[in-house]
Amino acid sequence: MKPGRLAWWLVIWVVGLFYLIPMLSMTRFAFQRIPVIKLSFNNVFSKWTIEPLLTTFSDSGFRSSAMLSIWLAIATAVLTLLLLVPTMTIAHLRSPRMRRVIEISAVLPFVVPAIALVVGFAGAFRDTIPQLIRSPFGMVPLYVITALPFTHRTLENGLASLDLRTLIDASRSLGASWIRTVLFVIVPNMRASIATASFLALTVVLGEFTIASLLLKNTLPLYLAYAQGQNPQGSFAVGLVLVVLSAGFVTAANRFGKRVVS
Amino acid sequence: MVEAVTGQYRASFIYSLELSAVSAAIGLFIGSLVAIAIVRLENVRVLRSLVVGYSSVAANMGGIPLAFAFLSAFGMQGLATRLLREINIDLIGWGFRITDFWGIVLVYLYFQIPLMTLILVPAIDGLRRTWHEVAQSLGATANQYWRFVALPILTPALLGGFLLLIANAFAAYATAFALSSGGSRLVPVQIRFFLQGETITGKTNLGYAMAAWMVLLTLVLVIGFQTLVRRSERWRQ
């Protein structure tokens, strides 16, 4: 092997280890009942247990926050699709200028940090529509906005790969209404990018901490942050589940995303 | 608005920006190395999909689980801390704390490096094979090719990536919060402190002002990013 190649392999290995070690440590801490000080080569494989995870799963606080997070994630995915699919379809058909406006506003969440977004949100609605701040589902619009850069991009790719005009003309000339056209012609043709966008929205919501933390809503990441003190093993175990879950979502999104392009 | 960038609050902004810049600079360097390594070792098929796949997972990571992972690895009783001590590298003895400046930089690198890799891989793919051949036929060594041909072409992408990484770290909140259990000097954590007024109330305005400054700073960064990306795309038609 040439020395140059060896150096590049070294880069890959070092960075790979850097990626791997924290995850391995978290796994070990969550599922092995031996303090690090007492760990040695003799007992690396003993006392592994999934009990911390099971105990946490049966905790009522965990259950309520997990359910909340799951419902928020689903609501966000649904609202994103309801909002974006019709709007972007119309923009594609009728006006390229509107497309440009949508695109710019979709990147805006990159510019406005989540913390600033939620501060503005609270400031605007605290006195006008207090229900929006009191109910946890008032956060759904914020989550939709936070996920917008990712979801918009994938839906945009999906729409761009369709021959929208022909599809719609065909459907309309056969007597379908607009709603029917969107539901039975556009949506099935975009199913790959719709799936990708939903996966990305789920990932964003399940991991989101900033917004829920400032609005004092007890979502899963908040539960983790506060359970860390009393039940470190359990909360680390759940944290790991969260990592695996969002890794699965992102990978699934990548898979579907490739199908969109081809 | 003015008070939010004076005195201790200015220190807070400077701390945040320094942290972002340092983690972005290191992320830029290592992330680029990884991107080049993938391209150089392209005959190993799985490597590319493995690294790019994991990078897209890790770049989206952050938040609470990431803080947990690093606490269990590089915390006082961390596995990596322990392993390093076995080979006589005593991190804690050197004054390294995962909640300190360099500790947070280390944690942020976990999403900064893969983000840079993801930005740079398409840019390197955009380098045309013919340019390499031309350089070679004119007698350039591999190093000369990278130094005088590839680097200038990649510069806009590198700079743009750098700015995006800074903005990315600047906005990160959850990880810092969980690492320091809410006591960090970072701007986002400070904003929360003012808005929820655990001790001082009546200073919520300051929170709003700091948030406004954050938007302003990030806006400048992103506009810079857009301009540079547009320039870097001029090379690929």
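This is a short walk through a predicted model with chains A and B, starting with chain A, moving to the contact, and ending inside chain B.

Okay, chain A. What is it built from, in helices and strands? There are 13 helices and zero strands. If you read the elements off from the N terminus, you just keep saying α until you run out.

How does chain A fill space? Its C-alpha atoms fill a box of roughly 75 × 65 × 35 Å along the principal axes. The radius of gyration is 23 Å, where a compact globule of 262 residues would come out near 18 Å. As for burial, 40% of the 262 residues in chain A are buried. And take the contacts in chain A with a separation of 6 or more: 78% of them are between residues 24 or more positions apart.

Let's look at one helix pair in chain A, α4(A) and α7(A). Generally, a packed pair is described by the angle between the axes and the distance between them. Here the axes come within 8 Å and cross at roughly 125°. That angle makes α4(A) oblique to α7(A), and the crossing is left-handed. From α4(A) you get Ala106(A), Val107(A), Pro109(A) and Phe110(A), and they meet Ile145(A), Thr146(A), Leu148(A), Pro149(A) and His152(A) from α7(A). Sort the residues of that contact by class and you have seven nonpolar, two polar and no charged.

One loop residue before we leave chain A. Find Leu216(A), in the loop between α11 and α12 of chain A. Its phi is near 55°, a positive value in a residue that isn't glycine. Buried or exposed, this Leu216(A)? Leu216(A) has 11 other C-beta atoms within 10 Å, so it counts as exposed.

Now, where the two chains touch. Chain A puts in 46 residues and chain B puts in 44. On the chain A side, the elements giving two or more residues are α1 (3-31), α4 (96-111), α5 (114-125), α10 (191-207), α11 (210-214), α12 (220-230) and α13 (232-261). Which of them gives the largest share of that side? That's α1(A), with 14 residues. By class, the chain A side has 34 nonpolar, ten polar and two charged residues. You'll notice α4 of chain A in that list, the helix we just saw crossing α7(A).

Over to chain B, and let's center on helix α5(B), residues 101-126. We'll look at two of its partners.

Partner one is α2(B), residues 45-59. Its axis comes within 8 Å of that of α5(B), and they cross at roughly 130°. The two are therefore oblique to each other, and α2(B) passes α5(B) in a left-handed crossing. On the α2(B) side, the contact uses Val51(B), Val52(B), Ser55(B), Ser56(B), Ala58(B) and Ala59(B); on the α5(B) side, it uses Tyr110(B), Phe111(B), Pro114(B), Leu115(B), Thr117(B), Leu118(B) and Val121(B). That splits into ten nonpolar, three polar and no charged residues.

Partner two is α3(B), residues 63-74. These axes come within 10 Å and cross at roughly 125°, which makes α3(B) oblique to α5(B). What's the hand of this crossing? Right-handed. Leu66(B), Ala67(B), Phe70(B) and Phe74(B) of α3(B) meet Gly103(B), Leu106(B), Val107(B) and Tyr110(B) of α5(B). By class, that's seven nonpolar, one polar and no charged residues. If you're following on the structure, look for Tyr110(B), because that residue of α5(B) is listed in the contact with α2(B) and in the contact with α3(B).

Two last stops in chain B. Helix α9(B), residues 187-196, has eight of its ten residues buried, so it's largely enclosed by the rest of the structure. The buried ones are Val187(B), Pro188(B), Val189(B), Gln190(B), Ile191(B), Arg192(B), Phe194(B) and Leu195(B).

Then there's Glu18(B), in helix α1 (residues 7-40) of chain B. Glu18(B) is exposed, with 12 other C-beta atoms within 10 Å. Its C-alpha atom is 29 Å from that of Ile124(B), which sits 106 residues away along the chain.

Conventions: Residues are numbered from 1 along each chain as its sequence is written. Chains are lettered from A and ligands numbered from 1 in the order in which they are written. This is a predicted model: local features need pLDDT of at least 70, side-chain atom pairs count only at pLDDT 80 or more; totals for chains, interfaces and linings use all residues. A residue is buried if 20 or more other C-beta atoms lie within 10 Å of its own, exposed if 12 or fewer, and partly exposed in between; C-beta atoms are placed from the backbone. Helices (H or I, at least four residues) and strands (E, at least two) are DSSP runs, numbered from the N terminus. Axes are lines fitted to C-alpha atoms, for helices over the stretch in contact, and angles run from 0 to 180 degrees between N-to-C directions. Angles under 35 degrees count as roughly parallel, over 145 as roughly antiparallel, 65 to 115 as roughly perpendicular and the rest as oblique. A crossing is left-handed if the near helix is turned anticlockwise from the far one by less than a right angle, and right-handed if clockwise. Two residues are in contact if their C-beta atoms, placed from the backbone, lie within 7 Å. Ala, Val, Leu, Ile, Met, Phe, Trp, Tyr, Cys and Pro count as nonpolar, Asp, Glu, Lys and Arg as charged, and the others, Gly among them, as polar. The radius of gyration is taken over C-alpha atoms; the globule rule is 2.2 Å times the number of residues to the power 0.38.
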